[in-house]
Amino acid sequence: MKQLRQSKGFSFAELSRESKLSVSYLNEIEKGKKYPKPDKIETLAVALGVPRADLTSFELSKSMAPVGELLQSNFLNELPLDLFGIELSKVVEIIANAPVRVGAFISTLLELSRNYALKEENFYFGALRAYLELHNNYFEDLEEEVGRFIKLYEIPEARPIPEATLRQILEDRFHYEIVENGLDPYPELKPLRSVFISKDKKLLLNRKLSPMQRAFQFGKELGFEVLQLKERASTSSLLKGRVFEEVINHSKAIYFSVALHIPHDPVIADMRAFFAQPKWDGEAFLSIMKKYEATPEMFYHRLTNILPRFFEMGKLFFLRFLHDPEEDIFEIDKELHLSRRHHPHGNGLFEHYCRRWVALSLLKDLFQMQREGKYVDNIVRAQRSRYMGTADEYFCLTIARPAYPSPDQNVSVTIGILITPEVKKRIAFLEDPAIQFREVNKTCERCPVPDCAERAAAPKVVTRRENLKQIQARLQDLEGAAH
């Protein structure tokens, strides 16, 4: 309707006079807030001088086709717009204001998604990260729910919580049937930690889980029940996000379990004492994690909750790398950026991440120890990483460990804290010479350092840019000579 009105050169007032419909009613139709009744459609068609079918047909012009595809795909309804305070009608209004430009923009996004193999679930996980970043990954309501649960079930203050305590609550209060070694009959499910069969309330456990991993899975199931999260996946980790609600509910259940196992006040006190130490002490850092018998992922999840809010360390990133030692491939499978998007982040460009990052160098060292037959559990290293070509320097804390229950991979988790004047005041040992300093970059393909011992690939992007600069400089010379 808007396109027809504008093509006739009608203002709202003029169309109102022609159709005898109020300006406010016409405005609401164009904004997608009202759908006119059949007699009103007939009146509008006469006023606009077109057949009624032109107003109701699903056939769109070529320029409008991408917009129609978007609207008919239900994609907009899947977007978690309400989490970000955006009304769906506002999005429709933006599309209506410039359909050709928006259509071109949508076509570009679709083309990019095809080129970079972006999938629907990738979008959901991206939206989840944006939601967590918007709230600095701290949720008062979830913290309060955990506090109520601890009080209601008289969970003792001492940590770790025995897995039997949480198991009993699941079985007695929420009528779960927990099946030990429940994944044994299904070899294809070996990479999973657990599977939940909703119709029977059965939780099938992987036999290789450690006591802490089992306790974490029980805490997560309690999160689904206590928070009454109905839309959920059956697997311990999300293999594919069907709808956004499933993705965000999974995140809430994880938050609940982490907060349950690593209580708010004690871990804040522990980290205050750690940052007050005059010297860097990796074992002291690991001892905090061991106090709660937490996995590195659980511990780092909790740090991303508390560091921004209670330590003025709001500018930070979290990365988890997977390393396949046989292929020597590094892959980022989890990341979070608070305050802004920081330099180290995942990409879909199939480039080689800078091997100077402590997240990668520690994984290389871990594999070397494994090759030498040394038993390795968790190893930790700190690094001050300055990103080439910027003034940004990060204090990075990395833990590397063998993947579990996948023995053919290793994993590292890293928190990088942007070094600001506030951070310098908070971390007493920041200037300790025992902390490794490295100048780092994003990927080898984008790094101009000529003599880098860790280089894993040629600087193709840098070379291409230099060649382009030389071409442009020569063209300018020729242009100047011509004049």
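Which side chains meet in a salt bridge with Glu 393? In this predicted model, the partner of Glu 393 is Arg 386, with a separation of 3.1 Å from N to O. The two residues differ in their surroundings, since Glu 393, at 10% relative accessibility, falls under the 20% limit and counts as buried, whereas Arg 386, at 34%, counts as partly exposed. A search of the whole structure finds 31 salt bridges, and several of these are described below together with the elements that carry them.

The protein chain has 20 helices and 9 strands, and buried residues make up 46% of its 483 residues. Among contacts between residues at least 6 apart in sequence, 63% join residues that are at least 24 apart.

One open sheet is formed by 3 strands, arranged in the order S1-S3-S2 with mixed pairing. Strand S1 (177-179) and strand S2 (194-197) are the edge strands, and each of them pairs on one side only. On average, neighbouring strands of this sheet are turned by 15° against each other when direction is ignored. The mixed character can be followed strand by strand: S1 pairs with strand S3 (residues 202-205) in the parallel sense over 3 bridges, while S2 and S3 pair in the antiparallel sense over 4 bridges. Val 179 stands opposite Leu 204 in S3, and Ser 194 stands opposite Leu 205 in S3. S2 and S3 also form a hairpin, with 4 residues between them, and Lys 201 in the turn has a positive phi of about 55°. Helix H13 (residues 211-226) lies across S1, S2 and S3, and runs at about 160° to S3.

Salt bridges connect this helix and the loops around the sheet. Arg 214 forms a salt bridge with Glu 180, in which the closest N and O atoms are 2.8 Å apart. Because Arg 214 lies in helix H13 and Glu 180 in the loop between S1 and S2, the pair ties together parts that are 34 residues apart in sequence. Arg 214 counts as buried at 14% relative accessibility, whereas Glu 180 counts as partly exposed at 33%. Both residues belong to a network of salt bridges that links Glu 163, Arg 167, Glu 171, Glu 180 and Arg 214. A further salt bridge is formed by Arg 207 with Asp 184, the closest N and O atoms being 2.6 Å apart. Here Arg 207 lies in the loop between S3 and H13 and Asp 184 in the loop between S1 and S2, so this pair ties together parts that are 23 residues apart in sequence. Arg 207 counts as exposed, at 52% relative accessibility, and Asp 184 is partly exposed, with a relative accessible area of 38%.

A second open sheet consists of 6 strands in the order S5-S4-S8-S7-S6-S9, again with mixed pairing. Strand S5 (329-338) and strand S9 (436-440) stand at its edges, each with a single partner strand, so that one side of each is left without a neighbour in the sheet. The twist from one strand to the next averages 25°. Within the sheet, strand S7 (residues 393-402) and strand S8 (residues 410-418) pair in the antiparallel sense over 9 bridges, and Tyr 394 stands opposite Leu 418 in S8. Helix H16 (residues 282-291) packs on the sheet, where it touches strand S6 (379-387) and S7, and its direction makes about 65° with that of S7.

Helix H17 lies across strand S4 (316-324), S5, S7 and S8, running at about 10° to S8. The 15 residues of H17 (residues 296-310) should span 21 Å at 1.5 Å a residue, and the end C-alpha atoms are 20 Å apart, which agrees. H17 is mostly covered, with 13 of its 15 residues buried, and the helix is followed by Glu 312, whose phi is positive, near 55°.

Glu 445, found in the loop between S9 and helix H20 (460-482), is buried yet has no salt bridge. The nearest side chain of opposite charge is that of Lys 460, at 5.1 Å, a separation beyond the 4 Å limit for a salt bridge. Apart from its neighbours within four places in sequence, Glu 445 is in contact with Glu 351, His 352, Ala 457, Ala 458, Pro 459, Lys 460, Val 461 and Val 462.

Key:
Residues are numbered from 1 along each chain as its sequence is written. This is a predicted model: local features need pLDDT of at least 70, side-chain atom pairs count only at pLDDT 80 or more; totals for chains, interfaces and linings use all residues. Side-chain values use heavy atoms; hydrogens and water are left out. Helices (H or I, at least four residues) and strands (E, at least two) are DSSP runs, numbered from the N terminus. The expected span of a helix is 1.5 Å times one less than its number of residues. Buried means under 20% relative accessible area, exposed over 50%, partly exposed in between (1.4 Å probe, protein chains only). Two strands pair if DSSP finds at least two bridges between them. Axes are lines fitted to C-alpha atoms, for helices over the stretch in contact, and angles run from 0 to 180 degrees between N-to-C directions. Contact means heavy atoms within 4.5 Å. Lys and Arg count as positive and Asp and Glu as negative; His and the chain ends are not counted.
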